[in-house]
Amino acid sequence: NPILSKKSSVKSCHKQLQEKLSELVKHRGVTWNDQLSQDLPRVWKRHGDMIILNEKAFQAEIWKTLEPELWLVVANVLGAKRIAKAGRVSAGGFRTPKVTLLLGNDAWVHHIDNGIR
C-alpha cells in the first residue's frame, strides 16, 4: 500500500461543505444532485469570525427550507460564528455594499490592517 501524502488526505473546505450539506439534504429526504453541488460557494471572504458568501451561492429553493440548520453547518465547516451574503453594490455615490446577515446577531467586524485597529 502506498503511503498517502498529508496533502492528499486533507479535504478542502469546499469538499467538506459538499459532504456535510449532502448529508443534511439527504436527511430531509431530498436527493443530492449536480445542481446543488454547483450552487455551493467556491470562494468566500473572511472578516474575523464572519464569512461573507458570494451572492450567487445557495440560490436553489431547497436551501431556504433548510434554514437555519444550513447556516450552522456552513459556519461549522468554514470555522466561523457568523455568516453573511453579499449583494449588489448600490449605484449611489458611495457604492455601499448590501450584505445580509444569515447567522449571528450583528455584522460589526473589527478590521486590523498592519496591526492598526
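This report describes a four-stranded sheet, the helix α5 that packs on it, and the residue G87 in a predicted model.

## The sheet

Four strands make up an open sheet, arranged in the order β1-β2-β3-β4, and their pairing is mixed. The edges are occupied by β1 and β4; each has a single partner strand, so one side of each is left without a neighbour in the sheet. Averaged over the sheet and with direction ignored, neighbouring strands are turned by 30° against each other.

Strands of a sheet pair through backbone hydrogen bonds, either parallel or antiparallel. Here β1 and β2 run antiparallel and are joined by four bridges. Within this pair, H47 has M50 in β2 as its bridge partner. Between β2 and β3 the pairing is parallel, again with four bridges, and I51 stands opposite I83 in β3. The pairing of β3 with β4 is antiparallel and extends over five bridges; A86 has V99 in β4 as its bridge partner.

## Helix α5

Helix α5 comprises residues 69-78. Seven of its 10 residues are buried, so the helix is largely enclosed by the rest of the structure. The buried residues are L70, W71, V73, V74, A75, V77 and L78. An α-helix has 3.6 residues a turn, so residues three or four places apart point the same way.

The cover over these buried residues includes two helices, α2 (13-27) and α4 (62-65), together with the strands β1 (44-47), β2 (50-53), β3 and β4 (97-103). Helix α5 packs on the sheet and touches β1, β2, β3 and β4. The direction of α5 makes about 100° with that of β4. After the helix comes G79, which has a positive phi, near 70°.

## Residue G87 in strand β3

Strand β3 spans residues 82-89 and contains G87. Is G87 buried, exposed or partly exposed? Its relative accessible area is 26%, and because buried means under 20% and exposed means over 50%, G87 counts as partly exposed.

Which residues are in contact with G87, leaving aside its neighbours within four places in sequence? They are E55 and K98. K98 falls within β4, which covers residues 97-103. T100 is 13 residues from G87 along the chain, and the C-alpha atoms of the two are separated by 7.4 Å.

Conventions. Residues are numbered from 1 along each chain as its sequence is written. This is a predicted model: local features need pLDDT of at least 70, side-chain atom pairs count only at pLDDT 80 or more; totals for chains, interfaces and linings use all residues. Side-chain values use heavy atoms; hydrogens and water are left out. Buried means under 20% relative accessible area, exposed over 50%, partly exposed in between (1.4 Å probe, protein chains only). Contact means heavy atoms within 4.5 Å. Two strands pair if DSSP finds at least two bridges between them. Axes are lines fitted to C-alpha atoms, for helices over the stretch in contact, and angles run from 0 to 180 degrees between N-to-C directions.
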